Amino acid sequence: MEKLTSQYQSSVFFDELIDDQGAARPPAQQLLGYLDSLSEDELEKRRLAAEATIQEMGISFTVYTEEGNIDRAWPFDIVPRTIEASDWKIAEAGLKQRLKALNLFINDLYHDQNVIKDGIIPEHIIKDSKNFRPECVGVSPAYGVWAHICGTDLVRDENGDFFVLEDNLRVPSGVSYMLENRAITKRVLPELFENESILPVDSYTSQLFDTLAALSPRDIENPEIVVLTPGIYNSAYFEHAFLAQQMGAELVEGSDLFVDSDDCVYMKTIDGPERVDVIYRRIDDLFIDPEAFDPESVLGVAGLMRAWRAGNVALANAPGAGVADDKVVYAYVPDIIRYFLKEEPILKNVETFLCDDPEQRAYVLDNLDKLVVKPANESGGYGMLVGPHSTKKEQLLFAELITKNPRNYIAQPTLKLSTAPTLISKGVLEPRHLDLRPFILQAKDTYVTTGGLTRVAMKKGSLVVNSSQGGGSKDTWIVETKGQ
């Protein structure tokens, strides 16, 4: 039988596993050699076993449609993505540097605003930000950290270099799928974990627990930590329940908590009220406290902001952290790193055009068919224009949107996203574009996941990797090769 990988037609893009000569890259050699040793029927059996495992473990996500919410099984490809450990060390250092600078930036915005006074970022960018919260001015969270959990999206270009595509500092999701991807892969390709030097990922939940515990306003041995979820209809509910269970924390909804006259937060239990020290909240700012934000919200806890401002409870991520989760602010992050850390950025941004700037806006409007246009604060791949795949009608609509509200849009070149072999049918590997979302934790210490969540554009030629837009996922292996 012809080897599986010998049929693989590598794309014109940088391929993560196979070089342009058709040979396996060093971290992928054992993996691809093993896949070639399997028959088509055996490989298909492994793929079906992965699907059965996903069903058995109940790994799902919710897609919001006009017809209603649809629960779907997690889309998974059994061929892992491999990255050399030495390459990852550089990316890891860059991610730590970036989050450190972003937290200093957020803290400065809610205090002295020197970054504006010194001309690093224009005042109107922050003034017009949807996620700047005046209610947070003057608050000093523990360690000066506002974004405790960050999911930063990385891509690799045609040379294999890592670039930051965007930062997610509000309520970043996906880490449970990273952990489940590893669990599934261990089930269907167990032999490879015996011989390969694949760095582990399973310490994340204990690291997350330690990060949250370090935020406790009370100096006690076992602070009460809860995960605050909007409820079972939220698209990431699986993750909320998974993380709470893995940390041994309580999974709560807003109605399970209350703020008492002492400005402390309590959880309702069968034994009476129990004080809560740390809330890992998975609810957007505007819904966490009807007293401070949206009075119609039934998801949050009345008085929560009062308790937080009084220093009686820690919130992760802190309200207001999303001011740095703005694609316009993203364009200034390299300068923010230089300003606060007096260092050059280790990881580069993707070239970005700000529609707020008249000259850059003119360029964008003239090149809508070549660029990717993104709104400043949308997520999940929504509200974007992918120029080369768009119609004239869509381009005219975006020209109108940009002209009407230029502050709300940025544009980037269509990226030559790296690819990786993906099993698209029985015995057939084809290249598919992908990105990577590592997770960075910061409190007293900083921690970066070993790799992250690899998301794959399952449609041929597509650059959209979001699961809500038809994307899939695969396990990410950081591999130590000989000589490292």
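**Two crossing helices and two buried residues**

In this predicted model, the axes of helix α3, which spans residues 85–109, and helix α12, which spans residues 333–341, come within 9 Å and cross at roughly 80 degrees. Because angles of 65 to 115 degrees count as roughly perpendicular, α3 is roughly perpendicular to α12. On the side of α3, the contact is made by Q97, R98, K100, A101, L102, L104, F105 and D108, and these meet V333, I336, I337, F340 and L341 of α12. Sorted by class, the contact of α3 with α12 has 9 nonpolar residues, together with 1 polar and 3 charged ones.

Elsewhere in the chain, I83 has its place in strand β3, which covers residues 76–84. I83 counts as buried because its relative accessibility is 1%, against a cut-off of under 20%. Not counting residues up to four places away in sequence, I83 touches E16, P27, W88, R156, F162, L436, T476, W477, I478 and V479. M458, by comparison, is 375 residues from I83 in sequence, and the C-alpha atoms of the two are 20 Å apart in space.

The second residue to consider is R182, which is placed in helix α6, residues 175–188. R182, too, counts as buried, since its relative accessibility is 5%. Its side chain is joined to that of D475 by a polar contact of 2.8 Å. Leaving aside neighbours within four places in sequence, R182 is in contact with F193, I198, L199, P200 and V201, and also with D475, T476 and W477. T476 and W477 thus appear among the contacts of I83 and also among those of R182.

Notes:
Residues are numbered from 1 along each chain as its sequence is written. This is a predicted model: local features need pLDDT of at least 70, side-chain atom pairs count only at pLDDT 80 or more; totals for chains, interfaces and linings use all residues. Side-chain values use heavy atoms; hydrogens and water are left out. Helices (H or I, at least four residues) and strands (E, at least two) are DSSP runs, numbered from the N terminus. Buried means under 20% relative accessible area, exposed over 50%, partly exposed in between (1.4 Å probe, protein chains only). Contact means heavy atoms within 4.5 Å. A polar contact is a pair of N or O atoms within 3.5 Å; within protein, one must be able to donate a hydrogen and the other to accept it, and residues adjacent in sequence count only if both atoms are side-chain atoms. Axes are lines fitted to C-alpha atoms, for helices over the stretch in contact, and angles run from 0 to 180 degrees between N-to-C directions. Angles under 35 degrees count as roughly parallel, over 145 as roughly antiparallel, 65 to 115 as roughly perpendicular and the rest as oblique. Ala, Val, Leu, Ile, Met, Phe, Trp, Tyr, Cys and Pro count as nonpolar, Asp, Glu, Lys and Arg as charged, and the others, Gly among them, as polar.
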